[in-house]
Amino acid sequence: MKVIGIAGWSGAGKTTLLTRTIPQLLKEGLRVSVIKHAHHEFDVDVPGKDSWVHRQSGASEVLVSSSRRWALMHELRGAAEPRLQELLAKMAPVDLVLVEGFKREPHRKIEVHRAANGKPWLFPDDPGIVGIVTDTKVEFRLPAVHLDDIDAVAALIKRSAISIKDLFSEATA
């Protein structure tokens with residue numbers, strides 16, 4: 001399994017980029033999963049449904065299963081937010097895990113930057129950034145591709161991804 005992060009400020013277009021790039025990666029024969037970082041309170045469950053009621057009543061985990069999918073919700077109940085390494089260990093094996101967000105974690109990342117967003121670049125201060133996807137012309141030492149060139153984005157992702165084993169060994173070094 002390989003992993004690469006997709007990092008950038010809110011509004012840069014990370015989710016849109018992934019929804020355009022994942023089909024290309026699948027067409028190339030890769031099995032792809034995503035870990036998405038959310039901020040603070042979020043809910044994937046519908047208030048009033050049984051699984052929501054179970055969580056609200058204090059259950060640590062609620063697993064919902066059907067003939068089409070299953071989802072596991074784990075309540076931290078005051079415990080520390082898990083690090084990326086812990087979350088990756090919970091993933092079923094695939095060829096590539098795309099990590100959206102987690103820009104403060106020290107893993108290998110590709111920065112998504114949109115000029116109209118008006119936000120500063122992340123890469124000068126983050127040594128984990130190994131490439132840039134942007135809508136503006138840049139001349140940096142890092143490889144850069146345009147946001148609309150999905151073939152080039154997919155190639156950059158594949159070239160930049162690191163095996164989970166190597167990621168874990170870098171994290172403990």
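How many helices and strands make up the secondary structure of the chain? Colour the model by secondary structure and count: 5 helices and 9 strands. Keep in mind throughout that this is a predicted model.

**Stop 1: the whole chain**

Trace the chain from the N terminus. The elements come in the order β-α-β-α-β-β-α-β-β-β-β-α-β-α. Now orient the view along the principal axes. The C-alpha atoms fill a box of roughly 55 × 35 × 35 Å. Colour by accessibility next. Of the 173 residues, 36% count as buried. A contact map adds a further number. Take the contacts with a separation of 6 or more: 56% of them join residues 24 or more positions apart.

**Stop 2: helix 1**

Select residues 14–27. This is helix 1, with 14 residues. From first C-alpha to last, helix 1 reaches 20 Å, close to the 20 Å expected at 1.5 Å a residue. Where does helix 1 kink? Centre on Thr21: a kink of about 25° lies there, shortly before the proline Pro23.

Show side chains. The buried residues of helix 1 are Lys14, Leu17, Leu18, Thr21, Gln24 and Leu25. The spacing has a general background. An α-helix has 3.6 residues a turn, so residues three or four places apart point the same way.

What covers these buried residues? Add strand 1 (2–7), strand 2 (32–36) and strand 5 (96–100) to the selection; they are included in the cover. Then add strand 6 (109–113), strand 7 (129–134) and helix 4 (150–160), also part of it.

Zoom in on Gln24, which lies in helix 1. Its relative accessible area is 14%, so Gln24 is buried. Leaving aside neighbours within four places in sequence, Gln24 is in contact with Ile150, Asp151 and Ala154.

Step past the end of the helix. Helix 1 is followed by Gly29, whose phi is positive, near 90°.

**Stop 3: the nonpolar cores**

In soluble globular proteins, nonpolar side chains tend to be buried together. Here the largest nonpolar core has 20 residues. Select Leu98, Val133 and Ile157, the residues with the most contacts inside this core. Strand 1, helix 1, strand 5, strand 6 and helix 4 each give two or more residues to the core. Which element gives the most? Helix 4 does, with 5 residues.

Stay on Leu98 and list its contacts, not counting residues up to four places away in sequence. Leu98 touches Ile4, Leu18, Ile22, Leu25, Val32, Ser33, Val34, Ile35 and Ile157.

Apart from this core lies another one, of 11 residues. Select Val3, Leu88, Val94 and Val97 to find it; they are among its members.

**Stop 4: the aromatic rings**

The structure holds 3 aromatic pairs. Start with Trp121 and Phe140. Their ring centres are 5.2 Å apart and their planes are at 75°, so the pair is edge-to-face. Trp121 sits in the loop between strand 6 and strand 7, and Phe140 in the loop between strand 7 and strand 8 (144–146), so the pair ties together parts that are 19 residues apart in sequence. Are the two residues buried or exposed? Trp121 is partly exposed, with a relative accessible area of 22%. Phe140 is partly exposed as well, at 34%.

Now add Phe123. The rings of Phe123 and Phe140 have centres 4.6 Å apart and planes at 55°, so this pair is tilted. The pair links distant parts of the chain, 17 residues apart, with Phe123 in the loop between strand 6 and strand 7. Phe123 is buried, with a relative accessible area of 12%. Keep Trp121, Phe123 and Phe140 selected together: ring pairs link them into a cluster.

Then jump to Trp9. Lys119 lies over the face of Trp9, at 5.7 Å from the ring centre.

**Stop 5: two positive phi values**

Most residues other than glycine have a negative phi, and most peptide bonds are trans. Select Arg77, whose phi is positive, near 45°. Arg77 lies in the loop between strand 4 (70–74) and helix 3 (84–89). Arg77 is partly exposed, with a relative accessible area of 47%.

Finish at Phe102. Phi of Phe102 is positive too, near 55°. Phe102 is found in the loop between strand 5 and strand 6. Phe102 is buried, with a relative accessible area of 8%.

Definitions and conventions: Residues numbered from 1 in each chain as written. Predicted model: local features only at pLDDT ≥ 70, side-chain atom pairs only at ≥ 80, totals over all residues. Heavy atoms only, no water. Helix = DSSP H or I, 4+ residues; strand = E, 2+ residues; numbered from the N terminus. Expected span 1.5 Å × (residues − 1). Bend = angle between axes of the 7 residues up to and from the residue. Buried < 20%, exposed > 50% of the residue type's maximum accessible area, 1.4 Å probe, protein only. Contact = heavy atoms within 4.5 Å. Core = buried A, V, L, I, M, F, W, Y, C linked by side-chain atoms within 4.5 Å. Phe/Tyr/Trp six-rings, centres within 6.5 Å; stacked < 30°, edge-to-face > 60°. Lys NZ or Arg CZ within 6 Å of the ring centre and 35° of its normal.
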